[in-house]
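Q: Could you take a close look at the aromatic pairs in this one and walk me through what sits around them?

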Amino acid sequence: MFFPTHLLSTVSMSLMFAASYGAVAQAHFQKLIPSTNVVDQDTGRHVTFDLTFTHPMTNGPAMDMVEPLRFGMQFDGEKIDLLGALSAKTVDGWAAFDAEATLKAPGGYAFYVEPVPYFEPAEGKYIIQYTKTIIDAYDSGENWDQMVGFPVEIEPLTRPYGIWTGNVFSGMVRHNGNPIPFAEIEVEYANDGSITLPNATFATQVIKADANGIFHYAMPKDGWWVFAALIEDGTMAAPTSDKQVPIERGGVLWVKTDPMN
Ligand SMILES: [Cu+2]
């Protein structure tokens, strides 16, 4: 029962799912998962990335991803365009991308992607997921809370790498720089298919920030977790008409936990 609404063919099914699960049933997430989030002597300085627009907790199905508007890395406050480092692939038959980068110097690196706005017919709105992940090189401990300047962005209050499984992750939701009280955050886990969900409500965890825009979540499993702060902001013309429809801007952050063995 985890079929996303946008893949259903009949209106009645769409309405039924929309009524049953609300917006959460259509939770898609922009993946930006690196081969490692800590570069050291063991890993080497070459990092590869998976950029797929998908449903992480149900291990797909993926959705079509066109070449993003921006993909890059921020180091020492400077942005470096990496669109040329993308290579096309297919996931579940849909377009997605791999990428690679070399981290030459010690320090904190933010990798970020701004996808082309995706129109979600089931919700009648555009979705833009401004997505980032932080990599540390050579145990620098620097700039792990750097912001890349997205309209909606999560400021990590927990260092976003070197995290044990079961740790609490805390962050602040910012919209144009300002904390957003009671912002809604969706949380998913990049399930490789080995986790069976008790029921559909487990696909996406939903939490709210406090009055200062700060949220907390304990991650119960080792692997990659995604936090998406979702805010409706602005309108755009719908694809097939001049009608203005809302834009849901998501500040998305990927973090990894490792088991304490
Ligand atoms: Cu979906």
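A: One term up front: a residue counts as buried when its relative accessible area is under 20%, and as exposed when that figure is over 50%. Keep in mind that this is a predicted model.

By that yardstick Y109 is buried, because its relative accessibility is 2%. Y109 has a partner, F75, and the two rings are stacked, with 4.3 Å centre to centre and 15° between the planes. F75 belongs to strand β6 and Y109 to strand β10 (residues 107–114), so this pair ties together parts that are 34 residues apart in sequence.

Now for a tilted example. The ring centres of Y217 and W225 are 5.7 Å apart and the planes are at 55°, so this pair counts as tilted. Both Y217 and W225 are buried. They're also part of a cluster: ring pairs link Y217 and W225 with F169, Y189, F215 and F227. Across the structure there are 13 aromatic pairs.

Another ring has a charge for company. The charged end of K79 sits over the ring of Y112, 6.0 Å from the ring's centre.

Back to β6, and the loops on either side of that strand. The loop between β5 (53–54) and β6 (70–75) holds V66, and P61 is found in that loop too. P61 is joined to G60 by a cis peptide bond, with omega at about 0°. V66 is partly exposed, because its relative accessibility is 44%. Together with L69 and V116, V66 forms a nonpolar patch on the surface, with about 220 Å² of accessible area for the three together.

On the other side, D76 lies in the loop between β6 and β7 (78–81). D76 isn't a glycine, yet it has a positive phi of about 55°. With 62% relative accessibility, D76 counts as exposed. For background, most residues other than glycine have a negative phi, and most peptide bonds are trans.

D92 is another non-glycine residue with a positive phi, again about 55°, and its place is in the loop between β8 and β9. Those two strands run antiparallel and are joined by six bridges, with β9 covering residues 94–102. One of the bridge partners is A95 in β9, which goes with T90. Zooming out a little, β8 and β9 belong to an open sheet of four strands with the order β2-β4-β9-β8 and antiparallel pairing. Its edge strands are β2 (33–34) and β8 (86–91), each pairing on one side only.

Conventions
Residues are numbered from 1 along each chain as its sequence is written. This is a predicted model: local features need pLDDT of at least 70, side-chain atom pairs count only at pLDDT 80 or more; totals for chains, interfaces and linings use all residues. Side-chain values use heavy atoms; hydrogens and water are left out. Two strands pair if DSSP finds at least two bridges between them. Patches are made of residues with over 30% relative accessible area and no salt bridge: like charges are joined within 9 Å, nonpolar side chains (Val, Leu, Ile, Met, Phe, Trp, Tyr) within 5 Å. Accessible areas come from the Shrake-Rupley method with a 1.4 Å probe; for residues, only the protein chains shown count as cover. A salt bridge is a side-chain nitrogen of Lys or Arg within 4 Å of a carboxyl oxygen of Asp or Glu. Buried means under 20% relative accessible area, exposed over 50%, partly exposed in between (1.4 Å probe, protein chains only). Rings of Phe, Tyr and Trp (its six-membered ring) pair if their centres lie within 6.5 Å; planes under 30 degrees apart count as stacked, over 60 as edge-to-face and the rest as tilted. A charge sits over a ring if NZ of Lys or CZ of Arg is within 6 Å of the ring centre and within 35 degrees of the ring normal.
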